Each structure stands twice: as structure tokens, then as C-alpha cells.
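Please examine the sequence and the model shown here before reading the report. A description of helices, core and selected residues is given after them.

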Amino acid sequence: MLSLMVFIVLCFSAAGLGSIFTNNSLKAWYPTIKKPSWNPPNKIFGPVWSVLYLMMAVAGWMVWERLPQKGFSVPMAFFFVQLVLNTLWSVIFFGFQRPGWAFVEVALLWGFIALTMISFWSVYWVAGVLFLPYFLWVSFASVLNYAIWRLNR
């Protein structure tokens, strides 16, 4: 159970770090840029991301508990890389206010989420399924990021 708490703290710490860059821009920069008509309201993002971070943590924990040896493994490496990339996207998009760079970064993130999901599936299929909503949400977020970049070039 302690390892589950570690994964939850780790994932929500990444979320908290990303939110440091997001919150300031949500008030000052983000309202001033052009967004597509299908851009969800800001109040949707917090609850969705909270659920996704929790699912991510549970999936990571499930795989960790099923690994024959604790420590380095390909699935865990993918998990930690995608978590860092997840946080870095907020820094680039909201902190640096660079939607174009953020789109390149989110494409890399999307690939690592896919790799994590596939590698998790091979260890424990439920963990792979838990990553599917995250994969789908980041797919949508990637298209949204691209649209915002195009509208504000």
C-alpha cells in the first residue's frame, strides 16, 4: 500500500509542478489568445486531469507490484519519461507561451504514453486499460494544441 501512495504522490507532484506554470497563464495569457470554437471550458481540465493522474498512478503501481524485480524496467522507464514530458508540456505551453514548441513536445509525449500503455499491457492488461483514457485525452489535447498554434501564429 505504501508503494501505491508513492505513485499517487509522484503523479500529483508532477501535476502540481505543471500547475505552477499553468495557473498564472490561465489568468493573463491564455484568455488573450485565439482558440477554436470546440475548446472546452477551463473548468473541465482540472477534474479531467485529476482523474487521469490518479489512473496513471494506479496503473504505475499495478505494474510496479507485478514486476519480478523492483527497480529499472522498460515499462517503468517509459512511465517516468512520459510523466516528465507531461510536466514539461505545461512549462512550454503555459510557462514559455510557445504553442508551436509545445505541439512538438506533446507529439513526443503522445508517443511515450503509447509506449507506456503497450508495455503496461504486457505486464498487466488492467494497467494498460487504465492508460487508455489518458492516451485519448492527450490525443485530443494534441489536436487542440495544434489548432491553438495555427490560430495564433
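The report below treats the basis of the model, the nonpolar core, the aromatic rings, two helices and several single residues.

This is a predicted model, in which local features need pLDDT of at least 70, side-chain atom pairs count only at pLDDT 80 or more, and totals for chains, interfaces and linings use all residues. Residues are numbered from 1 along each chain as its sequence is written, and side-chain values use heavy atoms, with hydrogens and water left out.

**Nonpolar core**

A nonpolar core is here a set of buried Ala, Val, Leu, Ile, Met, Phe, Trp, Tyr and Cys residues joined through side-chain atoms within 4.5 Å. Buried means under 20% relative accessible area, exposed means over 50%, and partly exposed lies in between (1.4 Å probe, protein chains only). The largest such core has 42 residues, and those with the most contacts inside it are M56, F79, F93, F120, F131 and Y134. Two or more residues each come from α1 (2-27), α2 (42-66), α3, α4 (99-123) and α5 (125-151). The greatest contribution is that of α5, with nine residues. Helices are DSSP runs (H or I, at least four residues), numbered from the N terminus. In soluble globular proteins, nonpolar side chains tend to be buried together.

Contact means heavy atoms within 4.5 Å. Neighbours within four places in sequence aside, M56 is in contact with C11, F79, Q82, L83, N86, F131 and Y134.

**Aromatic rings and charges**

Rings of Phe, Tyr and Trp (its six-membered ring) pair if their centres lie within 6.5 Å; planes under 30 degrees apart count as stacked, over 60 as edge-to-face and the rest as tilted. The whole structure holds 27 aromatic pairs. In one of them, F93 and F94 meet edge-to-face, with 4.8 Å from centre to centre and 75° between the planes. F93 is buried at a relative accessible area of 2%, and F94 is also buried, at 7%. Ring pairs further join F7, F12, W49, Y53, W64, F79, F80, F120, F131 and Y134 into a cluster.

A charge sits over a ring if NZ of Lys or CZ of Arg is within 6 Å of the ring centre and within 35 degrees of the ring normal. The charged end of K35 sits in this way over the ring of Y30, 4.5 Å from its centre. The charged end of R98 is placed over the ring of W101, 5.0 Å from its centre.

**Helices α3 and α4**

The expected span of a helix is 1.5 Å times one less than its number of residues. Helix α3 (residues 74-95) has 22 residues and should therefore span 32 Å, which agrees with the 30 Å between its end C-alpha atoms. A polar contact is a pair of N or O atoms within 3.5 Å; within protein, one must be able to donate a hydrogen and the other to accept it, and residues adjacent in sequence count only if both atoms are side-chain atoms. S73 caps the N-terminal end of α3, with a side-chain oxygen 3.3 Å from the backbone nitrogen of M76. Q97 lies in the loop between α3 and α4. Although Q97 is not a glycine, its phi is positive, at about 55°, and at 33% relative accessibility Q97 is partly exposed.

Helix α4 has 25 residues and reaches 35 Å from its first C-alpha to its last, close to the expected 36 Å. Its buried residues include P99, G100, V106, I113 and F120, and the elements covering the buried residues include α2, α3 and α5.

**Selected residues**

The table gives the relative accessible area of four residues.

| Residue | Relative accessible area | Class |
|---|---|---|
| S119 | 10% | buried |
| M62 | 14% | buried |
| S142 | 11% | buried |
| L115 | 37% | partly exposed |

S119 belongs to α4. A polar atom of the S119 side chain lies 3.1 Å from the backbone oxygen of T116. Outside its neighbours within four places in sequence, S119 is in contact with P75 and F78. L115 is likewise placed in α4; L115 and P75 are 40 residues apart in sequence and 8.1 Å apart in space, C-alpha to C-alpha.

M62 is found in α2. Leaving out neighbours within four places in sequence, M62 is in contact with Y124, V126, A127 and L130. M62 and V126 are 64 residues apart in sequence, yet their C-alpha atoms are 8.3 Å apart in space.

S142 is located in α5 and touches F103 and V106, residues up to four places away in sequence not being counted.
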